[in-house]
Amino acid sequence: MAALPTLKRLLLRNPSNPLSPFRSLHAGAGAGHANHSVTLIPGDGIGPLVTGAVQQVFQAMHAPIHFERFQVHGDMNTVPPEVIASIRNNKVCLKGGLKTPVGGGVNSLNVQLRKELDLYASRVHCFNLQGLPTRHNNVDIVVIRENTEGEYAGLEHEVIPGVVESLKVITKFCSERIAKYAFEYAHLNNRKKVTAVHKANIMKLADGLFLESCREVANKYPDIEYDEIIVDNCCMQLVSKPEQFDVMVTPNLYGNLVANTAAGIAGGTGVMPGGSVGAECAIFEQGASAGNVGNEKIIALEKANPVALLLSSAMMLRHMQLPSFADRLDASVKRVIAEGEHRTKDIGGSSTTQQVVDAVIANLDRRVE
């Protein structure tokens with residue numbers, strides 16, 4: 001039970017609302033806040049640009065955050081132990097994308113971080129932003145993904161030349177844990193439905209165990225509707241009628257696919273926030289992995305979209321019980337998107353990263369109409 005406060009801080013979308021057990025804490029914005037240390041990993045590609053954007057905005061609004069910066073890159077053999085120690089000590093990390101080699105090369109440092117810190121729950125919030133046109137309206141999907149096992153267990157070996165065996169690991173413990181997280185999130189945030197995504201028609205034992213665990217947890221939340229959907233049908237339903245989904249709980253690989261699909265439907269990976277949480281630590285980064293490193297042209301032109309990481313930083317501030325700062329940042333970013341004057345190319349504009357940052361800073365203290 002010692003982990004419950006950490007769990008609730010990420011489960012609650014807005015700790016200033018009446019559901020929050022933390023709503024009376026840190027009510028003021030500005031003076032009186034002690035500095036909080038956060039581990040910062042700028043990462044690869046566009047990572048330094050978008051993490052730098054967050055630092056500028058935090059400085060402009062005098063957020064009580066001190067960043068401990070570490071250089072970590074996806075081609076390293078392992079995450080340096082001093083970085084792991086910093087995250088364990090600070091409990092919170094803000095991270096840019098880390099490029100993972102395809103095929104050969106080193107193992108994913110993203111996966112290593114999740115396993116080392118037991119960041120078992122990934123949460124990506126995919127929703128329509130006012131003023132940003134999309135094919136579908138009324139999209140408000142929260143994808144909650146088991147983050148430590150499944151196909152990402154990394155248990156692969158070559159049996160004989162030309163034959164590779166890759167093991168998918170599903171456990172009762174991890175399946176129950178992620179199901180409980182999903183239902184607790186739905187309960188605390190007035191969500192009405194949880195949908196479990198699976199392929200139990202084919203993987204009857206592994207995905208069958210995942211479904212069995214979800215059903216057992218669902219029975220403890222009679223006020224929340226529960227349903228199940230096969231992953232291939234889920235993808236089709238997402239692109240045709242995404243408004244039917246509310247909270248989605250998934251094993252590891254399916255969650256990555258579903259979150260990126262939902263992000264694309266709701267406005268693109270450049271505007272969708274996310275975070276991963278464990279019993280002790282949390283890492284906040286761009287919600288959907290596609291495009292989180294960018295390409296050389298975007299980097300050279302300094303036109304990376306900082307919105308996703310800015311919104312993820314607002315999630316981080318709420319997690320750290322700093323709701324007034326989170327609300328200012330969240331409102332400012334959404335106001336800039338709604339007004340439409342400062343947008344990067346991926347969402348229909350031509351602005352640079354710095355121009356978007358300047359607009360967000362200029363909007364920080366505008367009154368909400």
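Biologist: How much space lies in the largest pocket?

Modeller: About 1200 Å³. Keep in mind that this is a predicted model, where local features need pLDDT of at least 70, side-chain atom pairs count only at pLDDT 80 or more, and totals for chains, interfaces and linings use all residues. Residues are numbered from 1 along each chain as its sequence is written, and side-chain values use heavy atoms, with hydrogens and water left out.

Biologist: What counts as a pocket, and what as a cavity?

Modeller: Both live on a 1 Å grid over the protein atoms alone: a cavity is a set of points where a 1.4 Å probe fits but cannot get out, while a pocket is an open set with protein on both sides within 12 Å along at least five of seven lines. Lining residues have an atom within 4 Å of a point. Points are joined across faces, edges and corners, and the volume is the space filled by probe spheres set on them.

Biologist: Which residues are closest to the centre of the largest pocket?

Modeller: Thr 100, Ser 108, Val 111, Arg 114 and Tyr 152, out of 46 that line it. By class, the lining has 14 nonpolar, 23 polar and nine charged residues. Here Ala, Val, Leu, Ile, Met, Phe, Trp, Tyr, Cys and Pro count as nonpolar, Asp, Glu, Lys and Arg as charged, and the others, Gly among them, as polar.

Biologist: Which element gives the largest share of that lining?

Modeller: H4, with six residues. Elements are DSSP runs numbered from the N terminus: helices are H or I with at least four residues, strands E with at least two. Among those supplying at least two lining residues are helix H4 (109-116), strand S6 (150-160) and helix H8 (252-266).

Biologist: What lies over the face of Tyr 152?

Modeller: A charge sits over a ring if NZ of Lys or CZ of Arg is within 6 Å of the ring centre and within 35 degrees of the ring normal. Here Arg 145 does so, at 5.0 Å from the ring centre of Tyr 152.

Biologist: How many aromatic pairs does the structure hold?

Modeller: Four. Rings of Phe, Tyr and Trp (its six-membered ring) pair if their centres lie within 6.5 Å; planes under 30 degrees apart are stacked, over 60 edge-to-face, and the rest tilted. Phe 183 and Tyr 221 are stacked, at 5.3 Å centre to centre with 25 degrees between the planes. Phe 183 with Tyr 226 is tilted, at 6.0 Å and 45 degrees. Phe 183 is in helix H5 and Tyr 226 in strand S9, so this pair ties together parts 43 residues apart in sequence. Ring pairs make a cluster of Phe 183, Tyr 221 and Tyr 226.

Biologist: Is Phe 183 buried or exposed?

Modeller: Buried means under 20% relative accessible area, exposed over 50%, and partly exposed in between (1.4 Å probe, protein chains only). Phe 183 has 0%, so it is buried, whereas Tyr 226 is partly exposed at 22%.

Biologist: How many disulfides are there?

Modeller: A disulfide is a pair of cysteine sulfur atoms within 2.5 Å, and the structure holds zero. For Cys 234, the nearest cysteine sulfur is that of Cys 235, 5.4 Å away. Cys 234 is buried, at 0% relative accessible area.

Biologist: How many cavities of 30 Å³ or more does a search of the whole structure find?

Modeller: Four. The largest cavity has a volume of about 90 Å³, and its lining includes Ile 46, Lys 95, Glu 285 and Leu 309. That lining has four nonpolar, six polar and two charged residues.
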